[in-house]
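Hi everyone, thanks for making time this morning. I'd like to walk you through one structure, starting with the overall picture and ending with a few side chains.

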Amino acid sequence: MKLDDIEAIRSLSEKRSNAVLRATRLAKEPLRLVLGSGGTATELVFSTGTLAGLREKATEATQAEIEELDEKLRALGVEI
């Protein structure tokens with residue numbers, strides 16, 4: 001294994017860990033959409049159905065990202 005491969009594996013593993021954390025948070029935490037920061041932040045309030053749809057789409061996108069990272073890691077010889 002080359003040094004470049006090890007760096008690629010490290011980077012991909014870090015991205016995968018972040019994606020898994022995001023998927024966990026999507027599943028367990030309330031979904032909020034906040035624009036701005038600090039005292040000027042505004043939270044947008046959506047209907048229950050809209051929030052469910054947003055959560056579903058975000059979960060699907062995150063899962064697809066994890067699967068893509070898994071494929072790249074396997075191609076580099078990492079067992080998942």
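**Overall dimensions and make-up**

Let's begin with the radius of gyration: the protein chain has 17 Å, whereas a compact globule of 80 residues would come out near 12 Å. Please keep in mind that this is a predicted model. If you put a box around the C-alpha atoms along the principal axes, that box is roughly 50 × 30 × 15 Å.

What does the chain consist of in terms of helices and strands? The protein chain has 2 helices and 2 strands, and reading from the N terminus their order is α-β-β-α. Helix α1 covers residues 3-28, and helix α2 covers residues 48-75.

Now a few totals. Of the 80 residues in the protein chain, 11% are buried. The exposed area of the chain is about 6,100 Å², and 55% of that comes from carbon and sulfur atoms. For those of you who like contact maps: take the contacts between residues at least 6 apart in sequence, and 65% of them join residues at least 24 apart.

**Two residues in helix α2**

Let me zoom in on Thr62, which sits in helix α2. Is Thr62 buried or exposed? Its relative accessible area is 5%, so Thr62 is buried, since the cut-off for that class is under 20%. Which residues does Thr62 touch, once neighbours within four places in sequence are set aside? The answer is Ala19, Arg22, Ala23 and Leu26.

My other pick from helix α2 is Asp70. With a relative accessible area of 9%, Asp70 is buried as well. Setting aside neighbours within four places in sequence, Asp70 is in contact with Arg16 and Ile80.

**Charged pairs**

That brings us to the charges. As a general reminder, side chains of opposite charge can pair when their charged atoms come close. How many salt bridges are there in this model? The count comes to 7, and I'll show you some of them.

Asp70 forms a salt bridge with Arg16, with 2.3 Å between the closest N and O atoms. This pair links distant parts of the chain, as Asp70 is in helix α2 and Arg16 is in helix α1, 54 residues apart. The two side chains also make a polar contact, at 2.3 Å. While Asp70 counts as buried, Arg16 has 24% relative accessibility and therefore counts as partly exposed.

Over in helix α1, Glu7, Arg10 and Glu14 are linked in a network of salt bridges. The side chains of Glu7 and Arg10 meet at 3.3 Å, N to O. Why are Glu7 and Arg10 separated by about one helical turn? Because they are 3 residues apart in helix α1. Glu14 also forms a salt bridge with Arg10, with the closest N and O atoms 3.3 Å apart. Glu14 and Arg10 are 4 residues apart in helix α1, so about one helical turn separates them. As for exposure, Glu7 is partly exposed at 40%, Arg10 is partly exposed at 43%, and Glu14 is partly exposed at 46%.

**A nonpolar patch**

One last stop. Met1, Leu3 and Ile6 form a nonpolar patch on the surface, and together they have about 370 Å² of accessible area. Leu3 belongs to helix α1, and with 64% relative accessibility Leu3 counts as exposed.

That's my tour, and I'm happy to go back to any of these views.

Definitions and conventions
Residues are numbered from 1 along each chain as its sequence is written. This is a predicted model: local features need pLDDT of at least 70, side-chain atom pairs count only at pLDDT 80 or more; totals for chains, interfaces and linings use all residues. Side-chain values use heavy atoms; hydrogens and water are left out. Buried means under 20% relative accessible area, exposed over 50%, partly exposed in between (1.4 Å probe, protein chains only). Contact means heavy atoms within 4.5 Å. Patches are made of residues with over 30% relative accessible area and no salt bridge: like charges are joined within 9 Å, nonpolar side chains (Val, Leu, Ile, Met, Phe, Trp, Tyr) within 5 Å. Accessible areas come from the Shrake-Rupley method with a 1.4 Å probe; for residues, only the protein chains shown count as cover. A salt bridge is a side-chain nitrogen of Lys or Arg within 4 Å of a carboxyl oxygen of Asp or Glu. The radius of gyration is taken over C-alpha atoms; the globule rule is 2.2 Å times the number of residues to the power 0.38. A polar contact is a pair of N or O atoms within 3.5 Å; within protein, one must be able to donate a hydrogen and the other to accept it, and residues adjacent in sequence count only if both atoms are side-chain atoms.
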